[in-house]
Protein chains: 2
Amino acid sequence: MMKADPTGIHSPSKERLRLWLRILKTSRGIEAQLRGRFRDEFNSTLPRFDVLAALSRHHDGLKMSQLSGVLRVSNGNVTGIVDRLVDEGLVIRIAVEGDRRASLVRLTQKGKTEFAAQAAAHEGWINQLLETLDENAAVAMGAQLDQLLSSMEATND
Amino acid sequence: MMKADPTGIHSPSKERLRLWLRILKTSRGIEAQLRGRFRDEFNSTLPRFDVLAALSRHHDGLKMSQLSGVLRVSNGNVTGIVDRLVDEGLVIRIAVEGDRRASLVRLTQKGKTEFAAQAAAHEGWINQLLETLDENAAVAMGAQLDQLLSSMEATND
């Protein structure tokens with residue numbers, strides 16, 4: 001029936017366009033909320049949280065280039081972020097045989113504790129922001145987005 | 001049954017967290033695709049498209065401050081974007097009674113034609129990127145995100 005809509009306002013491509021604008025608005029809205037909460041509650045930022053999260057998954061540490069890949073921002077930014085995390089005692093740099101570029105970054109015990117607190121708060125904020133979606137709805141939408149992401153990756157190959 | 005999961009890997013908050021990471025990945029992935037296509041096919045950028053789109057909805061023109069609001073970037077960036085669009089003949093600045101800050105920006109005929117081409121291409125790219133979702137699925141997901149956005153706005157009030 002929608003396909004017979006003579007106005008063209010409802011068509012698969014118009015609905016997908018509308019959906020995309022909503023995905024974008026949702027994503028930006030949630031990011032803005034998280035940015036405000038990290039600032040207010042942890043005097044921190046999303047990129048700093050992303051760096052701590054990446055390090056929490058790699059107990060042996062990560063190279064600066066790997067952290068840069070995680071953030072998909074310039075190496076310069078990662079350097080600034082890591083410098084400040086070092087100053088605050090949350091991470092340490094471990095030299096690798098005199099090759100400064102190869103130095104590894106690792107969480108300190110203080111960093112692990114701080115990240116655990118931030119991760120728990122982050123999960124709680126998301127749980128609250130997405131509370132209109134019950135568990136089944138979240139799983140179902142996640143599966144649809146997974147399919148979409150797989151098809152996008154296949155196209156890029 | 002999921003609530004009885006003793007590992008805690010499946011819980012409403014874990015599933016919402018997973019969903020959020022997928023929304024973010026989808027949004028960033030699609031934005032990256034669009035960025036590449038605007039560059040390759042129109043030698044243009046997403047913020048430029050956003051400016052043209054805003055102007056296409058306001059035939060009488062917009063003030064720089066209004067365009068800045070659309071983009072949510074610094075006024076400086078909008079100025080640079082508009083300067084280049086003026087150079088290319090896609091928009092014009094219309095002075096308002098000697099108040100330079102109040103000048104309006106409007107699409108030229110060339111700008112209208114160019115935006116129509118870009119908007120059609122943009123809709124086609126989105127239609128292709130989201131093709132794993134049929135029309136009904138797109139409408140359903142859009143409605144869920146609308147509900148989520150409404151609840152977020154209500155929380156902010």
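Q: How many aromatic pairs does the structure hold over all chains?
A: This is a predicted model. Rings pair if their centres lie within 6.5 Å. Over all chains, the number of aromatic pairs is ten.

Q: Is the pair of Phe38(A) and Trp125(A) stacked or edge-to-face?
A: The ring centres of Phe38(A) and Trp125(A) lie 5.0 Å apart, with 85° between the planes. Planes over 60 degrees apart fall in one class by definition. The pair of Phe38(A) and Trp125(A) is therefore edge-to-face.

Q: Which helices of chain A does the pair of Phe38(A) and Trp125(A) link?
A: The two residues are 87 apart in the chain, so the pair links distant parts. Phe38(A) sits in the helix of residues 12-42 and Trp125(A) in the helix of residues 109-129. The helices of chain A are H1 and H5.

Q: What relation superposes chain B on chain A?
A: A rotation of 180° does the job, with 0.0 Å of shift along its axis. The RMSD is 0.0 Å. This is the relation of a two-fold axis.

Q: Why do the copies meet through the same surface?
A: Chain B puts 49 residues in contact with 49 residues of chain A. The copies meet through the same surface because the interface residues of chain B are also interface residues in chain A, and the share is 100%.

Q: What area do chain B and chain A bury between them?
A: Carbon and sulfur atoms account for 64% of the buried area. On the side of chain B, Arg16(B), Trp20(B) and Glu135(B) supply 15% of what that chain buries, more than any other three residues. Between them, chain B and chain A bury about 5300 Å².

Q: How many salt bridges does the rule find across the interface of chain B and chain A?
A: Side chains of opposite charge can pair when their charged atoms come close. One pair is Asp146(B) with Arg22(A), at 2.9 Å from N to O. Another is Glu31(B) with Arg28(A), at 3.0 Å, and this pair runs from H1 of chain B to H1 of chain A. Across the interface the rule finds eight.

Q: Which helix gives the most to the side of chain B that touches chain A?
A: Helices H1 (12-42), H5 (109-129) and H6 (135-156) of chain B each supply at least two residues of that side. The top contribution is 20 residues. The helix is H1(B).

Q: How many residues on the side of chain B that touches chain A are nonpolar?
A: The residues of that side divide into three classes. The polar class has 15 and the charged class 13. The nonpolar number is 21.

How values were computed
Residues numbered from 1 in each chain as written. Chains lettered and ligands numbered in written order. Predicted model: local features only at pLDDT ≥ 70, side-chain atom pairs only at ≥ 80, totals over all residues. Heavy atoms only, no water. Contact = heavy atoms within 4.5 Å. Buried area = accessible area lost by both parts, 1.4 Å probe. Salt bridge = Lys/Arg side-chain N within 4 Å of Asp/Glu carboxyl O. Helix = DSSP H or I, 4+ residues; strand = E, 2+ residues; numbered from the N terminus. Nonpolar A, V, L, I, M, F, W, Y, C, P; charged D, E, K, R; others polar. Least-squares fit on C-alpha atoms with pLDDT ≥ 70 in both. Phe/Tyr/Trp six-rings, centres within 6.5 Å; stacked < 30°, edge-to-face > 60°.
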